Amino acid sequence: MLETGIKLALTLTQIGVIMGIVLLTVAVLTLLERKVLGWMQDRMGPMEVGPYGILQPVADGLKLFFKEDIIPAGANKLMFSLAPILSLVPALIGFAVIPFGPNWTLEIFGVEFKPFVISDINIGILYILAFASIGAYGIILGGWSSNSKYSLLGGLRSAAQLISYELNVGLSIVGVLLLAGSLSMVQITEAQAGGFWNWFFFTLPFPQAIAFVVFIISAVAETNRVPFDLPEAESELVAGFFTEYSGMRFAFFFLAEYANMILVSCVATVLFFGGWHAPFSFLQGPESLTWVTGIFWFTVKVYFFLFLFFWLRATLPRLRYDQLMRFGWKVLLPIALGNIVVTSTLAYLFPGP
Amino acid sequence: MNTLVFFYFAGVIVLTASLVVALRNPIYSALSLLVMFFHVAGLYVTLHAEFLAAIQIIVYAGAILVLYLFVVMLLNVKREERFHQQRTVGVFLGLTLLAEGLLLSFRGEGPKFGREQSAESVPAVVGNTEGIGEVLYSTYLFPFEIASLILLVAMIGAVILTKKGIMESKS
């Protein structure tokens, strides 16, 4: 009984810490995105609140918190309240299986405890995919329940887009799973230890670089970011599925989008770029300090991908709807399938050590 | 403890499954179907079939039900069109299923694919995913291939259906 209690307390602390870090990162990202976009467009970005505008996220948060919460007439109240929650929960729940540090097992009061991953389940990556696909419900229901044409169109577009690109995400990671021989995020990370040439982006017999390109394009589409932000295309649909949302409900959708970005960056880091492993093993430092360097390298890699998201947003124009569908089904899908065939053939011919 | 968990999942499954057909609003029906899928996945987890649980959610909740919702929202079905007279078929099917259930529960011995047996037949050393892969490509290779063939036929059928307009305009 006592053991269960300690285990519960430890896990809850861990969940709390990780949730806190993720939400804090979201706050940092909102500022960082505007700053990066500003610099890329030769502007300053937000400068008013605090020195160099670093208190902008606080101001944004306060504004959203105190805004009036409007439910449009004719909206389905239950679904309207449910939709933001349905889109935020799947975005946050995926972090449970992300290993962001070495696979250590501590013993605290006789309870085994892994400090750097909340839960090492043997189907880790499938768990993330499963909950990523649930995120679509929040968007569709939000669009439908608002009783607005723009919202409905945005919701429907997003449903079609998510289903199409989910498939590519799933198929593009199969090569990595074949090489790692496991679905567990911890074991996939372990399989890439030793240096950057062991990361699945570069690894022999067949580098998964092509799969990575497919993955990252599909991931951008799944998070509804530019250039795949058709569900919220402001020049056509006002704001898409969250046109009618305001105040905290809007903030929930906003949080979900950014949490999804972080989650996708974490998954890309773990699957293709070695997770918390340093590019050279001497950069990992002494054994006792592995956790510091591990978390450092993990953060660096994740922030690189987050920067990539901003970079894309500053660079590319939005796709048209038919271009989006044709690209997903006729270009990415065959590439992903071809990658599976080649990788499995080569993995069979040249089995690893 | 296990029995308690099982009865929770089973109860919710029965409740939400009946709500799917009982509710008037098709959106609510679809959502109670979603809740049901999650509880079925929960049942798989209690049977240590985590792989099946994840696949259940990805395929049914993530893809198929989203398409249902899609269709329901686009069609905006009117009420009188939704309810057909199917009482004869319903009564017939219901009686058959009820008889089957009663037969199974009164036969004395439990069903063949019971819980104890399935837990024994899967070796504990191999993970759930590996176990399924091995069984699928050795013991059940033939049914697996048949299923793949059926899916291929369905896929070709879907392609032909969308190509219909092009073919007619040519002839």
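Two exercises on a predicted model follow, each with a worked solution.

**Exercise 1**

State how many residues of chain B are in contact with chain A, and describe the character of the interface.

*Solution*

Step 1. Count the residues on each side: 24 of chain B are in contact with 22 of chain A.

Step 2. Take the area. The size of an interface is often given as the accessible area lost when the parts come together. Between chain B and chain A about 2,000 Å² is buried, and carbon and sulfur atoms give 82% of that area.

Step 3. Look for polar links. There are 0 salt bridges between the two chains, and the rule finds 1 residue pair in polar contact across the interface, both residues at pLDDT 80 or more.

Step 4. Assign the side of chain B that touches chain A to its elements. Helix 2 (26-46), helix 3 (50-75) and helix 7 (128-137) of chain B each give two or more residues. Helix 3 of chain B supplies the largest share, 16 residues.

Step 5. Sort the residues of this side of chain B by class: 19 are nonpolar, 4 polar and 1 charged.

**Exercise 2**

Compare the span of helix 10 of chain A with its expected span, then say how the helix is covered and what follows it.

*Solution*

Step 1. Helix 10 of chain A runs over residues 247-272, which is 26 residues.

Step 2. From first C-alpha to last, helix 10 of chain A reaches 38 Å, close to the 38 Å expected at 1.5 Å a residue.

Step 3. Buried means under 20% relative accessible area. By that cut-off 20 of the 26 residues of helix 10 of chain A are buried, and the helix is mostly covered.

Step 4. After helix 10 of chain A comes Gly274(A), with a positive phi near 75°.

Technical notes: Residues are numbered from 1 along each chain as its sequence is written. Chains are lettered from A and ligands numbered from 1 in the order in which they are written. This is a predicted model: local features need pLDDT of at least 70, side-chain atom pairs count only at pLDDT 80 or more; totals for chains, interfaces and linings use all residues. Side-chain values use heavy atoms; hydrogens and water are left out. Contact means heavy atoms within 4.5 Å. Buried area is the accessible area (1.4 Å probe) that two parts lose on being put together, summed over both. A salt bridge is a side-chain nitrogen of Lys or Arg within 4 Å of a carboxyl oxygen of Asp or Glu. A polar contact is a pair of N or O atoms within 3.5 Å; within protein, one must be able to donate a hydrogen and the other to accept it, and residues adjacent in sequence count only if both atoms are side-chain atoms. Helices (H or I, at least four residues) and strands (E, at least two) are DSSP runs, numbered from the N terminus. Ala, Val, Leu, Ile, Met, Phe, Trp, Tyr, Cys and Pro count as nonpolar, Asp, Glu, Lys and Arg as charged, and the others, Gly among them, as polar. The expected span of a helix is 1.5 Å times one less than its number of residues. Buried means under 20% relative accessible area, exposed over 50%, partly exposed in between (1.4 Å probe, protein chains only).
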